[in-house]
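Reader: I've just opened this one and I'm finding my way around. Can we talk through where the open spaces are and what sits in them?

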Amino acid sequence: MNDKWSDLENECKGCLSCQLCQTRHSVVFGMGRTDSEVLFVGEGPGQTEDETGLPFVGRAGQLLDKIMSGVGMYRKDIYITNIVKCRPPQNRDPRPEEQQQCMKWLDRQIEIMHPRIIVCLGRISAQVLIKPDFRVTKEHGVFIKKDDILMMGTFHPSALLRNPGNRPLCFEDFRLLRDKINELCTRSIIADITAQPEN
Ligand code: URA
C-alpha cells in the first residue's frame, strides 16, 4: 500500500495533464493517514497550499481544524485532499476539463485507500463525487451510499469564512459525521471531548 501510494504521489507530482501545471508552485497531493477510513475532499489548493504543498493550511484550513476539534476529530487521523491538485489562478473555480483530468488521481487515491466515508467540502467536490446537481444549502449533512462508500457533502470552510451564519449548520453536519464514524468505522478516531484533562 505504501509503495503504491508513494508511486502514485510521485507520478502525480509530475503531472502535465492540464494548464494548471503552468502556474502552480506545488502539486498538493494530500496529507494525513492513507490507511484512514475517512477521506475529506475539498476543491483545490489556494495560495498558501500552493506555497507549502499541503492541503487546507490557510485560513479555511484553520477553520476546518476548529470545526473538527469541536466534535473530537483531528486531521492526523483522516486523509485530506482536493478534486484538483494544482491551484487555479486567482482561486477561480477549477474548470470542468481540469476537474476531469485531475480525477484520475483522486480515483486512484480512493481505490488504494478504500475509505468507508467521504466528506465533500463544498459544492464542487459534492457535485463531482455525489451528483452533478448537488445543492449544499439543501442537501448538506445527508449521507448517500455510492460505490459502497458513504458520502456526505457539507459547507466549504472558505464559504463559512464569507458567510459565518452557516457555521452552526456545518457543526451539526460534523456531529452527524462523528456519529457515523462511531457507528461504521472499525478504528475509533473520535476523542472524548467531554473528558476532563488529567492533572
Ligand atoms: N480550499 C480547498 O478547497 N482546498 C484547500 O486545500 C484549501 C482551500
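Author: Let's start with a term: a cavity is a set of grid points where a 1.4 Å probe fits but cannot get out. Keep in mind that this is a predicted model.

Reader: Okay, so how much space lies in the largest cavity?

Author: By this rule the count comes to one cavity of 30 Å³ or more. For the largest cavity, the space is about 110 Å³.

Reader: Which residues lie nearest the centre of the largest cavity?

Author: The largest cavity has a lining of 14 residues. By class, nine of the lining residues are nonpolar, two polar and three charged. Nearest the centre lie Cys 15, Cys 18, Cys 86, Cys 102 and Trp 105.

Reader: And which helix gives the largest share of the lining of that cavity?

Author: The largest share comes to four residues. They belong to a helix spanning residues 96-113, and that's H4.

Reader: Now the pocket. What takes up the space of the largest pocket?

Author: The largest pocket holds about 720 Å³ of space. It has 31 lining residues, and the closest to its centre are Glu 43, His 156, Ser 158, Ala 159 and Arg 162. As for what takes up this space, it's the ligand.

Reader: Which helix supplies the largest share of the lining of the largest pocket?

Author: Several helices supply at least two residues each: H2 (47-52), H3 (59-70), H5 (123-129), H6 (136-139) and H7 (157-162). By class, the lining has ten nonpolar, 14 polar and seven charged residues. The largest share is four residues, and the helix behind it is H7.

Reader: Which residue has a side-chain N or O atom 2.7 Å from a nitrogen atom of the ligand?

Author: Around the ligand you'll find Gly 42, Glu 43, Gly 44, Glu 49, Pro 55, Phe 56, Asn 82 and His 156. Two of these reach ligand oxygen through the backbone: Glu 43 at 2.8 Å and Phe 56 at 3.0 Å. The side-chain contact to a ligand nitrogen, at 2.7 Å, comes from Asn 82.

Reader: So how much of the ligand's exposed area does the protein bury?

Author: The shell around the ligand divides into two nonpolar, four polar and two charged residues. Taken alone, the ligand exposes 240 Å². Of that area, the protein buries 93%.

Technical notes. Residues numbered from 1 in each chain as written. Predicted model: local features only at pLDDT ≥ 70, side-chain atom pairs only at ≥ 80, totals over all residues. Heavy atoms only, no water. Near = heavy atom within 4 Å. Polar contact = N/O pair within 3.5 Å; in protein donor to acceptor, adjacent residues only side chain to side chain. Areas by Shrake-Rupley, 256 points an atom, 1.4 Å probe, with all protein chains shown as cover. 1 Å grid on protein atoms, 1.4 Å probe; cavity = no way out; pocket = protein on both sides within 12 Å on 5 of 7 lines; lining within 4 Å. Sits in = over half its atoms within 2 Å of the grid points. Nonpolar A, V, L, I, M, F, W, Y, C, P; charged D, E, K, R; others polar. Points joined across faces, edges and corners; volume = space filled by probe spheres on them.
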